[in-house]
Amino acid sequence: MEKILKPMSGYVALLISVVLIIAAGALFLVGLQENPLLSVLGIICFILAIFFMKGLMIIQPNHSRVLNFFGKYVGTVKENGLFFINPLYSSQRMSLRSENLQGQTLKVNDKMGNPIEIGAVIVWKVGDTYKAAFDVERYLEYVKTQSEAAVRHLAVSFPYDNLEDENANITLRDGGDDVNHILEKELAERLAPAGIIVQEARISHLAYASEIAGAMLQRQQATAIVAARAKIVEGAVGMVDMALKKLSEENIVELDDERKAAMVSNLMVVLCGEKAAQPILNAGTLYN
């Protein structure tokens, strides 16, 4: 479990080191001329100065140091500045800044078995330095591998769209924030053992694989055309019905069943045709 340390100020240790170096130089020079014991004392002062200087440690903002003492975890220093620690401690630098992981575009099958390409952007940072340092091997690679696994699992859990699964509540293409929240939740669970905090996860790339992209595009276009045609026919039927009722209610013209059928056929052609109809004027009687 992470333990926060507050070490001694490094400015005091730096001052002591400077004083010891000056004293060591003076004692060594005096000892050479007068008393050899003073030279020995000067050497001792110099060694102590090196000891204090070796214990100096600078921590930049949003960085930390994980400290060990002969294989035993001592604690983590998260404050920034100049500090003094036991020179026998070994330290591991660890950034606490937020980092972006632009995952590579993966080629996987969606829930319906269609090959798709998917990629995600993940914003993360180290939350627990003890777990990141000791519970996993190389936490940066752990984040990358687990993120890829989470994106793959997301892709196989949902269909790309609802063309094949009309009852799907969530699809990769239209899921939006719901899909992103599901991805964030799974990433948080996968990266928790490494002490990683997931701040945001977003799908950055989503498309059908190249080998079926053309066919799927034609399918989507056909579906859109059918839907549009159905709407046009629905509107045309309503307009024809309204025209017949108006003609009958206002006694404009009396049509038998055969003429009504012809009129309906003509109106449907005019209303549903892709191009404007070419009118033909009848200069004879009503039935010629």
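Start with the whole surface switched on: the accessible surface of the protein comes to about 18,200 Å², and 58% of that area belongs to carbon and sulfur atoms. Keep in mind as you go that this is a predicted model.

Now switch to a cartoon view. You will find seven helices and 10 strands. Colour by burial if your viewer allows: buried residues make up 31% of the 288 residues. If you prefer a contact map, look at the pairs at least 6 apart in sequence; 68% of those contacts join residues at least 24 apart.

**First stop: the nonpolar patch**

Select Ile-21, Phe-28, Leu-29, Ile-43, Phe-46, Ile-47, Ile-50 and Met-53, and show their side chains on the surface. Together they make a nonpolar surface patch of about 730 Å². Next, highlight helix H1 (10-33) and helix H2 (36-54), each of which supplies at least two residues of this patch. Which helix gives the most to the patch? That is H2, with five residues.

Zoom in on Leu-29, which lies in helix H1. Is Leu-29 buried or exposed? Leu-29 has 55% relative accessibility and the cut-off for exposed is over 50%, so Leu-29 counts as exposed.

**Second stop: a three-stranded sheet**

Select strands E1, E5 and E2. They form an open sheet in the order E1-E5-E2, with antiparallel pairing. The edges are strand E1 (8-9) and strand E2 (56-59), each pairing on one side only. Turn on backbone hydrogen bonds here, since strands of a sheet pair through them, either parallel or antiparallel.

Then focus on E2 and strand E5 (residues 81-84): four bridges join these antiparallel strands. To see one position in this pairing, pick Met-57, which stands opposite Phe-83 in E5.

**Last stop: Asp-110**

Move on to the loop between strand E8 (106-109) and strand E9 (115-126), where Asp-110 sits. Its relative accessible area is 5%, and the cut-off for buried is under 20%, so Asp-110 is buried.

What does the side chain of Asp-110 reach? Draw two distances to find out. One runs to the backbone nitrogen of Asn-114, at 2.7 Å; the other runs to the backbone nitrogen of Tyr-160, at 2.9 Å.

To finish, show the surroundings of Asp-110. Leaving aside residues up to four places away in sequence, Asp-110 touches Ile-116, Ala-155, Val-156, Phe-158, Pro-159 and Tyr-160. Tyr-160 thus appears both in this list of contacts and as a partner of the Asp-110 side chain through its backbone nitrogen.

Definitions and conventions
Residues numbered from 1 in each chain as written. Predicted model: local features only at pLDDT ≥ 70, side-chain atom pairs only at ≥ 80, totals over all residues. Heavy atoms only, no water. Buried < 20%, exposed > 50% of the residue type's maximum accessible area, 1.4 Å probe, protein only. Polar contact = N/O pair within 3.5 Å; in protein donor to acceptor, adjacent residues only side chain to side chain. Contact = heavy atoms within 4.5 Å. Patch = residues over 30% accessible without salt bridge, like charges linked within 9 Å, V, L, I, M, F, W, Y side chains within 5 Å. Areas by Shrake-Rupley, 256 points an atom, 1.4 Å probe, with all protein chains shown as cover. Salt bridge = Lys/Arg side-chain N within 4 Å of Asp/Glu carboxyl O. Pairing = 2+ DSSP bridges.
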